[in-house]
Structures are given as C-alpha cells and as structure tokens.
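Reader: I've got a model open on my screen and I'd like a close look at a single part of it. Could you walk me through that part in plain words?

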Amino acid sequence: AMEDVSAKFVSQKISRTRWRPLPAAALQPPDIFATGSWDNEDNRISIWSAGDLGNAGLNGEYHGEPHLLCDIQHNGDVMDMQFLDQERIVVASSTGTVTIFRHHQNNQTLSADHRWEKAHYHVDQDTSCGGAACTGVVCNNPEIVTVGEDGRINLFRADQKDAVRTIDNADSSTLHAVTFLRTTEILTVNSIGQLKIWDLRQQKNEPSQIFSLAGDRVPLHCVDRHPNQQHIVATGGQDGMLSIWDIRQGTMPVSLLNAHEAEMWEVHFHPSDPDHLFTCSEDGSLWHWDTSTNVSEKPSFLHQGGRSTAYLSHSTINQSVVSAWLSSDPTKDRMEITNLIPNQTLSVNSLDVLGPCLVYGTDAEAIYVNRQLFA
Amino acid sequence: DTVPPQVVPGADPSARQLCFAWGPAEVLVCETLFGRAGGFRSRCLFRSPCPSRFWGEGTVGAAARALTGSVTGTGDGASGSSRVFVVRRDQDIYIQTLRKLFNESHGIFMGLQRSEEELAGKSRKAQLVQVSKNYRSVIRACMEDMHQAAVSTRDPALQGQYSTQVSILSAMELIWNLCEILFVEAATAGPLLLRLLDWVRLHVCDVDSMVREVLSSESPSKHKLFWNVVDVFVLQGRMDEARHLLSKEASANPASMNMYKILDDLMKKMPVPSLGNTQTLTELELKWQHWHEECQRYLQDGTFASNPHMESICKILLGDEDAILEKKELMTTWYHFLVTRLLYSHPTVKPMELRFYAQSSMDLFLGGESSPEPLDMILMAAFEFEMHQVIKECSIVLSNWWFVAHLTDLLDHCKLLQSHNLYFGSNMREFLLLEYASGLFSHHSLWQLGVDYFDHCPEYGRVYLELHIERIPLSTEQKALKVLRICEQRQMHEQVRSICKIMAMKALRNNRLGSALSWSIRAKDAAFATLISDRFLKDYCERGCFSDLDLIDNLGPSMLLSDRLTFLGKYREFHRLYGEKRFPEAARLLLTLMTAHIAPCSFWMTLLTDALPLLEQKEVIFSAEQTYELMRCLEDLTAGNPDKQKFQDDDVETTKVEMLRLALARNLARVIVKEGTMEGS
C-alpha cells in the first residue's frame, strides 16, 4: 500500500539505489541502502538508513524518512552500482572508471578502496584515449564484471590490481547491462536488441550464444535472471517492453509484455520470491508483476508483517508458478500487474527489492522506501 | 532611473568597455580591447529585455539584481587579455536546499495542470485551496530544512546565507497564505476574519517563546510577563487560552473574584463569526452590538478601575485603538494590529472594505516613524485586491521566479487573471513560467523539471523548449536517450535528428560503427546510415574482412533504411553463403547485387573480383545466362566508366579486368559444354 512508502527529497538526481545484502542468518528486514547520483556537478555515493525500527507503530507500519549515514564524492555520473559484500560497493562511472568503495560501519564513513581508472575507454582516431562510460557492473565476490559504451567486457578480481580478462570490442554497439548467468557465464544486453551469453572460461572473444529481438532491433537496457530457474531471463527495452527469454530454446523471446511507455531502466526478479518481478521506467512508473495470484498458498513469510518477519528460504517456490513466466500468454490468466507510482512524471531510474522492502530513486531527486511490499 | 546601476562583480566598466550577449539562460559579458577613450559611457549595464517589456519602470532592478552576484565562471588570461563572465539569470536555482522546493512543487504544479476543471463550484474551489496549501507546506518544509542547515553549519558566511533564505521563505509563505485567503478561497465576510486570525496566529511567532516561558514556569500568574501573555492571547483572539490563564490569577486573588468573573463572562460571551451557515451576518451583528454595549457598561461603571491590566483588556474588547496600539510590541506588525482591530471593531468586515482598514492600520502602526518596507507594500497590495501589483512587487523583491510563477499559475487556474495579454503576445502566467523554466534550464541538473513547465505554456513554450534542449550537453548515451525521449514525445523531429546525428558522429569518431549505426537508425537518418555503411565497406576493402559482424549479421528490417545499408547486409550475406559453401545461392545473390543496382557502381569491381573464385570452382556455378550477365556488368563498368583513362594507367586494374575476362570466357565454355551435355542426355 502506498501509505507505507516514505519519501525523501535529496537534492540530487538518483541513478541507482541498492540494498546492502543481509548477512546469511539475518532475521531483520534490510535497513541500509546505498544510492548514487547522476547529472550533478558534484555526484555522490550515499549510504542511508531506511528508518528507525524503534519507530515501528502498533501495526508494524514504519514512520520516519530515510536518513543519511554518510556520503562521498564520486567523479562522473554513477551509471551502475552493486554491493560486493556487506561493506564494499562497486561503482561504475560515466568516466569509465570502476571504483570499490568501503563503508566503515564503525564510524560511518566511506572511502575509496580500489580504483580501476578508465577501465572503459575509446581509442580516439587522432588523439589519446578518452574514457567511455561504464554502463553496467555485476559482482560475484571476488569477481567483478563491467561493460561499457566502448563495447568492452572487463573481468576484475577485487583483490587484483589488473583486469583478469578483457574482451575488447566484444560488441560493436553499446553494452547496456550485464548479469551473471552462472559462475562462469555472463549475460549482456546491447543497443541493437541482442542478448548474449559469454562463457568466461572460453578463450575466444566471442559470445557463446546470441539471442535477438525480432523485427525492429529495439535497444535493450536491463537484464535479470530468475534466481532459481537460471534459464529464465527477463530484459527491458527502449520501448518499455518486458521480454522473457528461455535461453534453453530458440533465439527469440518467449513472451513480449507491453509495459512502460518509455525506456525500462531496471528489471529485477524478487530474489527470494521470484514469482514477483519489478520494473521501472523513464515514464515515471514502477510496476509490480505478480504471477503468484492463482496460487492458493503464498510463501508463508509474506503473511507476517513487521518486525517478526523472517526470510525463509525459497523452498516453498512452486514449480507451476515459476513456469508462469514462460507460459505463452502470461498476461491473460496468471499475472497481476500493479503500477506502484501513480501520477509520477519524472523517470524512475533505479529500484531494488529485498525481503518485503523496495527502494527506488528518481530524476525528481527523491528516494522512496516501501517496507511492506506485500502487505 | 532611481535604480542604481548594477555591475557584474569583477568587471570594471570604468577601465574597459564591456560587451555582452544574451543567451536563453545566461549572459556572456566580456571585456573588450577598447580603452575608455572615445567609447560610449554606459552606466547601467544590464537591463533584461524581457521584464522591461512588461513590467515597465521599477523592474529593471529585479532583473539586474537577479543577475549580479551570480558570476559563475571567469576565464582569466594574461594581464593584457580580456575576461569573459558568465552571468546566470536566477541565482537561487543554485541553492542546494531549494532543489527540494523546485522538485516537490513541480509535482504539485503537474497535478494542478492535470486537474483541469472537471469539478465545478465548491469542490473545485476546495481542490484549488488544497493545491495552495500543498504549495505552502512545501515552502514550510523547505524552510525547516534551511533552518536546520543554518543551525548546524559552523561557517558564518553560510549561516548568513541560510538565515537570509529562511526569512525569504517565511515571507513567501506569509504572502502566499494571505493570497490563499483573499483570492483562492475568497473568504466572505465572517469567515474572512477567522481566516485572517489563523493567518496572524501562524505567522506572528516572535512572542511564542515568551508564551512558552510563562506557561512552563512554576506559577505562571507570578511571572512578570504574565499579563503580557494574557494580552497576546486576547490580541490574537485566543479567548479560551486567555480565560484559562486568567482563572489561575483569579484563584490567587479571591478578593477580586467578582471582577475576574465579569471579565471572564464577557470574553466567553463574545460573539464570533461561524464557518457554517448557522447564523446570518445580521444575527451576528445584532449579538455583537449587544455584547459591545455590555462591555461598554462595565468599563464606564468602573468595574475594572482597580486593575489597570483588566481595564486595558476591556478596552481592547471594545476595539479601543489607543488601547490596542499600546500593545504594539506584542503585535510586532501592522497587519497583526489590523486583524486585532477588525476582530474587536469590525468582525463582519467585507473583503472590499479591507483596503481602508489596512491602509489606516499601517499608518497608525508605523506612525510616521518608519517607512513601509517592500513586504508591507506587497501585503497592502493584497489587501487592496491588486493581484497584478502583488505579483509585480514580488517579482521585484524576491530573488527567484519560483514564487511568482507558481502563484500566478494558481491564480490563473482560479480564473482570476482575466486574459491580461501583454503586448508581446503571451499572458502574464505564461511569461512568468517561461522565465522560471528558463532558469531551471540554465542549471546543470534541474533542466528536466523545466520541460514540463514549457509544456504548459501554450504560446511560446515549444519554441523555448526547442531552443533550450539543444544546449543540453550530451555527456553520456544515457543522458542523450533521456533528452531524445523528451524530443520524441513532443514530435520535435528537428531536435531528434540533431541529437542522433551528434551521437552518431561521436560514435563514429570513437570508431564505434555499431553504435553510430544504431543512432542513425533511431533517427531514421538514411544519409548518415549510408555514410556509416561506406565506412564498413571501406574497412572491408582495406582489411579484407568485416568488422562488427554481430551487427551486420543482425540488421533485420533496419537494413531497409538506406540502399547502401541494404547492400552492406546483402553483401555480408553473400560472404556467409560463400563461407558455408552454398555456391549457387552465393552466385545468384552476387549477380543480383549488380543487376538490381543494389551495389554502388564503385563497388562493382570488388564484386566481380569476388566472382573470380566462384568462376574457378571445379564445378560450374554460373549458368550461361548468368555468365553473359556478368560479362555485361564488366563491360558496362569498363566502358561506362568516365575514368577509363584510369584503368589503362593502372596495371593492377588492367590485369584484374583481363583475368576476369579470361575466367568468364573459360566459364562460358565450360557451361556451354555442360548445359549442352545435360540437354543431350
């Protein structure tokens, strides 16, 4: 419900919001998240607390807006951002630099831990190298993969100074996003509507598989993989369309779902409850795609509100629910779609979901936290 | 001409002549190499051409003041060289905390534009009042943030800046609130007074600390400021609170119990206007008259003579101007005096009578000791229902366009600004919105907000947007996509083309042919797609292999954008077929590329050369008919080429032609034999 959303105007346009991952045995809902800004003269990485748990009301609703714990200046627009572990965040910059920031929780400060200057760059025809925007980053501690406008793929290790592997000119168009498919394989999407699988064990500098949108090659902006069923992949395009792919078969998406009226900037399966999917867009909307509606029994934790919420494993996931994403016409019978932000006008650039909590950030310089997503 | 000249800090017109150029958001001022001798003497450097068109006298100051002090960059060269100053129009745009105001009010503004008049009468008015309240609560929130910032900073300069902003925001809210009562809600006689009382209570907070101090003391009635606080409550019409305090004093003085009781009774019985329609104004006036006479009686028979405090309160209840004016310090402002005066002498004041009481209250309160300040003039104009005067004065005094733009828009939605068309074509609402949005566009980050404001300026919004959007630096593809989306949604084809072209050129310069192509596909820019295709083909001719196969192999329908792109795609297809040893299909495609004139003539020689290995295959691939066509292509090329000379000079080319002719002849011989044999068998 919208009443559970707390908002804060932060005087900077937000390009990324990320929950800090929870420790393995955590029983509390997430509280700490990071944001990155873009298009400011002075861009920042900021760490926030979503709100004091002590302020929880009788019904478990939360009051109070997010408050800033610490922040640090960042050179260039924050293009993407990912927590490496509880303390470290990897940030992709429009300058082509990739930085690991460390959040010191004892004294609430941020510092730059390691920096790969111009990990992405153009080889200018006449002059020296110019940085190229690093558009996407994904981590699987200690491995970090980055992609950029230069069509390059870099594989770093958090503990190594130089790149472990670089694929120059991996893509002739702009790579917009990257995610891990398996530990040794990654997925990339590009500006000519292609989804590619790269096997990092292979020495050849070519994708092991190319998938492509039919018809107009609408650029793809974001990609996420189903957390349990690794062959199910969701991508979002420039036309706001959500595509679901089954990478075991065919070279085209299994379903195309009309969604937003402009660029879809991010798509995320709920990490522990993947019959829920979230997308946000330049058109200022944020959609909740729910394929669980027909299932009589929801995973138990969804019914518990407030502080007693525990995050059970995803053992309750029903096989038939998962396949809902792959049914030929998912909209018709099984999917419930809700726009979580009516009347918003400026772009929602980023969202992140963890447990019952959603955080998102906009070009209207506000961050929003919804702590009772399934209430 | 009474406005002092305004000069950009750092630029000295007495030493050098300055020249300047107006941009949509900034003024460039530069020092020329001319000395002063012989130059014209210009003292007032900056007169905004826009406001003076409309405001006339007095506004020049506003425009110039908004400009000065916001020099954002100076290029300083050697001592002899000139400097360029970039002067921005709306300096408040750069205050970090105010960004909250701009962003949050943008949402309210958009809601108001969407809410068009589907509701009628009362509910529409309620809706507009709610919008007005929303704007005010944003101002208040921003004020609190600014106050926090002022308290928490240690830098005295910054603290001063924040404090100034707090007082500006507080003045804005005061003015807005009054406009809300008088114009948006248009409160009528009766409720009008109640609203004005609320307004005074909300904004006169100088006495709040005193009230708190007395109320929290151990025994308030013993406090030396006790009677002051009682007076404050009476002056603000807070009768219940005043009576509560008095009852404490009464219980401490059993001797004068009767006197307290009488005063308490008078205060309790005071008739007040009601918000509902439960009583008519005439009823109220009758009751009022009766009560007034009762107060008068008690005063005259000396009931309160033994206690000067209570006597003075009774005089206040009677609306005695001198008695009220004695409490000047407790009211702090003339408009508090006005409202108190109205409460106790004219509770059923009509909106149109306000101007007389306002003027005389100000005169009485200031008593010729001090002259009215700009804020006083604005409030006075509001009491006089001179809406245009309010907006004009605010434009002069306030350092940003936010306030006047949003207030004017709201008043316009209340249908209060009758088509006050200005002679340059747009109305006042639009003029102010254009100014405000232009300011937003001059800001590094806030430009996105400006777009929606331009959208709601029917006359010039589009033109302004077109001018401004082209100046947004396209630092990343992501940003370019956002700007592009804005243009596409508004069918700004010219700008769409230009953005895509800029991005395609950038990509081309960085050797990113794939990206370049996708940008020209987005703009459906056939000419540029052709240019890029030529680059691909040139690369191929030089290197003998294709780059960016992932792109060329997946052109899809976008291949049809330009003939050259079609050729590139088809030519690559030929190579694929050849690589897959599907020779007959490859041969057919190759021939079609020439006979259907898909291939540019300049590329025919390459294509014919590509045919060579097919002609040399063990198996016969080209049919007789196809071979004839190939020969015709070759002859067309050599004969029809105006640069025939070139072929003869170029040994390599000549050899190539000879080799081709030979291969074609041999193929023809083989195919005749083969086809003959097949026919025979």
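Reader: How much area do chain A and chain B bury between them, and what share of it is on carbon and sulfur atoms?

Author: Keep in mind as we go that this is a predicted model. Chain A and chain B bury about 3,800 Å² between them, and 44% of that lies on carbon and sulfur atoms. On the chain A side, Phe9(A), Ser11(A) and Ser172(A) together give 16% of the area that chain A buries against chain B, more than any other three residues. As for who takes part, 48 residues of chain A and 41 residues of chain B make up the contact.

Now for the charged and polar pairs. Between chain A and chain B you'll find 6 salt bridges. If you want one to click on, try Asp39(A) and Lys479(B): their side chains meet in a salt bridge, with N to O at 2.7 Å. Polar contacts across the interface of chain A and chain B come to 33 residue pairs, counting those with both residues at pLDDT 80 or more. Strands play a part here too: β10 (121-123) and β18 (194-199) of chain A each supply at least two residues of the side that touches chain B.

Let's go back to Phe9(A) for a moment, one of the three residues singled out above. Strand β1 of chain A spans 5-9, and this strand belongs to an open sheet of 4 strands, ordered β1-β30-β29-β28, with antiparallel pairing. β1 and β28 (348-354) of chain A stand at the edges with a single partner strand each, so one side of each has no neighbour in the sheet. From one strand to the next, the twist averages 15 degrees. In the middle of that order, β29 (residues 357-362) and β30 (residues 366-370) of chain A run antiparallel and are joined by 4 bridges. One place to see this is Tyr360(A), whose bridge partner in β30(A) is Tyr368(A).

For some context beyond the interface, the whole structure holds 56 salt bridges over all chains. Among them is Arg18(A) with Glu266(A), whose closest N and O atoms are 3.0 Å apart. This pair links distant parts of the chain, with Arg18(A) in strand β2 (residues 14-19) and Glu266(A) in strand β24 (residues 264-269) of chain A, 248 residues apart.

Over on chain B, the domain assignment gives domain 1 (199-348), domain 2 (474-580) and domain 3 (601-680). The centres of domain 1 and domain 3 of chain B, taken over C-alpha atoms, are 113 Å apart.

Terms used. Residues are numbered from 1 along each chain as its sequence is written. Chains are lettered from A and ligands numbered from 1 in the order in which they are written. This is a predicted model: local features need pLDDT of at least 70, side-chain atom pairs count only at pLDDT 80 or more; totals for chains, interfaces and linings use all residues. Side-chain values use heavy atoms; hydrogens and water are left out. Two strands pair if DSSP finds at least two bridges between them. Axes are lines fitted to C-alpha atoms, for helices over the stretch in contact, and angles run from 0 to 180 degrees between N-to-C directions. Domain bounds come from an automatic or database domain assignment. Contact means heavy atoms within 4.5 Å. Buried area is the accessible area (1.4 Å probe) that two parts lose on being put together, summed over both. A salt bridge is a side-chain nitrogen of Lys or Arg within 4 Å of a carboxyl oxygen of Asp or Glu. A polar contact is a pair of N or O atoms within 3.5 Å; within protein, one must be able to donate a hydrogen and the other to accept it, and residues adjacent in sequence count only if both atoms are side-chain atoms.
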